[in-house]
Amino acid sequence: MAGILSAAAAQARPARETDLRPAEAAMVSVRGLEKTYRPARGPLTLFKNLDFEVAAGEMVAIIGQSGAGKSTLLHILGALDTPSAGTVYCASTNVAKFTSRQAAAFRNREIGYVWQFHYLLPEFTAQENVAMPLLARGQNKREAMQLAANWLSEVGLDDRRDHRPGELSGGEQQRVALARALVNNPRLLLADEPTGDLDETTARQVFDLIERVHLNHGLTSIVVTHNLDLAQRCSRVLRLEHGALSPYIAQSNLRPGSGSE
Ligand SMILES: Nc1ncnc2c1ncn2[C@@H]1O[C@H](COP(=O)(O)OP(=O)(O)O)[C@@H](O)[C@H]1O
Ligand SMILES: [Mg+2]
């Protein structure tokens, strides 16, 4: 396994299903999920009776038009939002039933979240930003700073520890955000258009890095992206459309008589 992982890291080549950890059990299991927003101007149902599973070790891409509900779905999986109905098991815990205090503890323990924008705190250094989730849960500062330094090294930013976010490039800021998301050793990585604000080359480099940490740390990852080339490097691509998630089949795989999954 280590050989496979380091080879994957060294060559930064696309992951294939066989490179990823075998599916041991569902890390995410969603049943009968409904989300309806009820603003004054009238209700908006984003999904209803949505079922899907993500196995431990999978790296799944979610694509879909703007407004399809991708961010809302990730927020629900990450206990940042609550469903209107249904069960949402994430890391063996029903996150749909949490109080806000339970949700915060769960997020801190189990979920690494990366957004399109880095949301790093501008007045703190890269290392302090990465240490923040550890300090928030009461870890002593020396240990937190050491673990943050280890993570910055893992994302290739050893020499940027003392830089503030404004002194980093967009790609470097996302690397710091990824290190901050993972410093607590979560099992599930949720990434919402993590490369959406980056140029093509930098986007590919950040995606390479996500893939590498996914493999090296045995994560289960769900990545929302508009970039089909990057999405198709994941073990599965799902499209969210009209409230349903279905396997995305690339046009080149659609041949007469080949049917679909
Ligand atoms: N708090 C809210 N109240 C009402 N509507 C919302 C709220 N949050 C999101 N929406 C609507 O839900 C839809 C899906 O949003 P979102 O999950 O952000 O989609 P995506 O990430 O796929 O672009 C959008 O039409 C959006 O306007
Ligand atoms: Mg979104």
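Which residues are buried in α5? Ala-144, Leu-147, Ala-148, Trp-151 and Leu-152 are. The close-ups below take up this helix, a ligand shell and two loops. The model is predicted.

**View 1. Helix α5 along its length.** Helix α5 covers residues 141-154. That makes 14 residues. From first C-alpha to last, α5 reaches 20 Å. This is close to the 20 Å expected at 1.5 Å a residue. Gly-156 follows α5. Its phi is positive, near 80 degrees.

**View 2. The two sides of α5.** Look for Ala-144, Leu-147, Ala-148, Trp-151 and Leu-152, the buried residues of α5. Seen down the helix axis, they fall within an arc of 140 degrees, so they line one face of α5. What covers these buried residues? α4 (126-136) and α6 are among the elements that do. Now turn to the face directed away from the buried side. Arg-142 and Glu-143 are carried there, and both are exposed.

**View 3. The shell around ligand 1.** Which residues surround ligand 1? Tyr-37, Pro-39, Leu-44 and Leu-46 are among them. The shell also includes Gly-64, Ser-66, Gly-67, Ala-68 and Gly-69. Lys-70, Ser-71 and Thr-72 belong to it too. Two or more residues come from each of β2 (44-55) and α2 (70-77). The largest share, three residues, comes from α2. By type, the shell divides into five nonpolar residues, six polar and one charged.

**View 4. Ala-79 in the loop after α2.** Ala-79 sits in the loop between α2 and β4 (85-90). Its phi is near 60 degrees. That is a positive value in a residue other than glycine. Is Ala-79 buried or exposed? Ala-79 counts as buried, because 22 C-beta neighbours lie inside 10 Å. The cut-off for buried is 20 or more.

**View 5. Asn-185 in the loop after α6.** Where is Asn-185? The loop between α6 (170-182) and β7 (188-192) holds this residue. Phi of Asn-185 is near 55 degrees, again positive in a residue other than glycine. Asn-185 has 11 C-beta neighbours inside 10 Å, so this residue counts as exposed. The cut-off for exposed is 12 or fewer. Set beside View 4, the pair reads clearly: Ala-79 is buried, whereas Asn-185 is exposed.

Terms used:
Residues are numbered from 1 along each chain as its sequence is written. Chains are lettered from A and ligands numbered from 1 in the order in which they are written. This is a predicted model: local features need pLDDT of at least 70, side-chain atom pairs count only at pLDDT 80 or more; totals for chains, interfaces and linings use all residues. A residue is near a molecule or strand if its C-beta atom, placed from the backbone, lies within 6 Å of it. Helices (H or I, at least four residues) and strands (E, at least two) are DSSP runs, numbered from the N terminus. Ala, Val, Leu, Ile, Met, Phe, Trp, Tyr, Cys and Pro count as nonpolar, Asp, Glu, Lys and Arg as charged, and the others, Gly among them, as polar. The expected span of a helix is 1.5 Å times one less than its number of residues. The arc is that of the directions from the helix axis to the C-beta atoms. Two residues are in contact if their C-beta atoms, placed from the backbone, lie within 7 Å.
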